[in-house]
Amino acid sequence: MDFKQTLDNKIADYNLLNHPFYQAWSAGELPVETLRSYAREYGAFISTVPIGWETLDETETAAEEIEHIDLWADFAAGLDTAVAEAQIPQVKALMDTAHELFSEPTTALGALYAFEAQQPATAQSKLTGLKAFYQLPKSVEPYFETHSHNEHEAEKLLERIGALPSGSHTTVVQACEKMSTALWNALTGIHDAECA
């Protein structure tokens with residue numbers, strides 16, 4: 001089994017498309033107030049993504065991710081809120097995990113892969129739900145439109161992982177699993193806080 005399959009298997013255990021939060025979103029069943037909470041809380045994590053790419057010296061991708069923070073801010077503003085410091089414990093834990101894993105190249109590769117490999121599918125699902133069920137300003141859509149098509153971040157990460165000594169692959173896989181778990185748990189925290 002190659003390392004891509006191993007990484008994808010780890011992600012599959014925490015596939016965000018299967019999370020009750022995203023399933024409710026794509027079915028139009030989340031209250032707008034819950035979307036507001038998500039925009040505020042999860043935006044704090046989105047602001048950490050460029051750090052991972054900077055750790056990898058991928059300056060061009062890091063610059064793009066910084067622009068995407070602004071798109072997320074537009075998403076929040078369209079919901080009459082703004083990105084704020086994380087308050088929900090599981091989102092705080094995601095932030096801690098991101099800062100830890102994004103601080104070192106080998107773990108940054110695995111952690112970023114856990115996020116980037118899922119993002120096109122999750123962004124498309126959320127965009128479809130927003131358009132079908134929510135009467136919101138168009139400004140909530142560009143972040144998800146931008147990420148709903150594959151910009152090849154995951155392939156770029158796989159290429160970098162493949163160039164590592166094979167002894168580093170275990171560390172990458174562990175980081176991928178840790179980030180996948182933290183992303184799942186953050187959604188659970190938002191869902192439980194807002195929908196329980």
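The lining of the largest cavity in this predicted model divides by class into 9 nonpolar residues, 3 polar residues and 1 charged residue. The space enclosed there amounts to about 90 Å³, and the count of cavities of 30 Å³ or more comes to 1. Of the 13 residues that form its lining, those closest to the centre are Tyr 42, Phe 115, Gln 119, Thr 122 and Lys 126. Helices H3, H8 and H9 are the elements that each give two or more residues to this lining, and H8 gives the most, with 4 residues.

From the cavity one can turn to the largest pocket, which holds about 280 Å³ of space. Its lining is made up of 22 residues, and the ones lying nearest its centre are Glu 116, Ala 117, Gln 118, Gln 119 and Pro 120. At least two residues of that lining come from each of helix H1 (3-12), H7, helix H8 (119-133), H9 and H10. Sorted by class, the pocket lining has 9 nonpolar, 7 polar and 6 charged residues. Gln 119 is named among the residues nearest the centre of the pocket, and it is also listed among those closest to the centre of the cavity.

Gln 118, one of the residues nearest the pocket centre, sits in the loop between H7 and H8. With a relative accessibility of 7%, Gln 118 counts as buried, because the cut-off for that class is under 20%. Once its neighbours within four places in sequence are left aside, Gln 118 is in contact with Ile 11, Tyr 14, Asn 15, Leu 16 and Leu 183.

Helix H9, which contributes to the linings of both the cavity and the pocket, contains Glu 145. This residue is partly exposed, since its relative accessible area of 33% falls between the limits of 20% and 50%. Not counting residues up to four places away in sequence, Glu 145 touches Leu 127 and Lys 131. The C-alpha atom of Glu 145 is also separated by 7.2 Å from that of Ala 123, although these two residues are 22 residues apart along the chain.

Helix H5 allows a simple check of geometry. At 1.5 Å a residue, its 20 residues, 59-78, should span 28 Å, and the C-alpha atoms at its ends are 29 Å apart, which agrees with that expectation. Which residues of H5 are buried? They are Thr 61, Ala 62, Glu 65, His 68, Leu 71, Trp 72, Phe 75, Ala 76 and Gly 78. When H5 is viewed down its axis, these buried residues fall within an arc of 155°, so they line one face of the helix. The general background is that an α-helix has 3.6 residues a turn, so residues three or four places apart point the same way. On the other side of H5, Thr 59, Glu 60 and Glu 67 are exposed.

What do the buried residues of H5 pack against? Their partners are helix H2 (20-26), helix H3 (32-46), helix H4 (49-55), helix H7 (105-116), helix H9 (142-147) and helix H10 (153-162). Among these partners, H3 and H9 also give residues to the cavity lining, while H7, H9 and H10 supply residues to the lining of the pocket.

The loops on either side of H5 deserve a look at their backbone angles. Asp 57, in the loop between H4 and H5, has a positive phi of about 60° although it is not a glycine. Its relative accessibility of 65% places Asp 57 in the exposed class, for which the cut-off is over 50%. Just after H5, Asp 80 likewise takes a positive phi of about 60°, and this residue lies in the loop between H5 and helix H6 (89-101). Asp 80 is exposed as well, with a relative accessible area of 66%.

Beyond that loop, helix H6 contains Thr 97. Is Thr 97 buried or exposed? Its relative accessible area is 11%, so Thr 97 is buried. Leaving out residues up to four places away in sequence, Thr 97 touches Lys 178, Met 179 and Ala 182.

Note on methods
Residues are numbered from 1 along each chain as its sequence is written. This is a predicted model: local features need pLDDT of at least 70, side-chain atom pairs count only at pLDDT 80 or more; totals for chains, interfaces and linings use all residues. Side-chain values use heavy atoms; hydrogens and water are left out. The expected span of a helix is 1.5 Å times one less than its number of residues. Buried means under 20% relative accessible area, exposed over 50%, partly exposed in between (1.4 Å probe, protein chains only). The arc is that of the directions from the helix axis to the C-beta atoms. Contact means heavy atoms within 4.5 Å. On a 1 Å grid over the protein atoms alone, a cavity is a set of points where a 1.4 Å probe fits but cannot get out, and a pocket is an open set with protein on both sides within 12 Å along at least five of seven lines; lining residues have an atom within 4 Å of a point. Grid points are joined across faces, edges and corners, and a volume is the space filled by probe spheres set on the points. Ala, Val, Leu, Ile, Met, Phe, Trp, Tyr, Cys and Pro count as nonpolar, Asp, Glu, Lys and Arg as charged, and the others, Gly among them, as polar.
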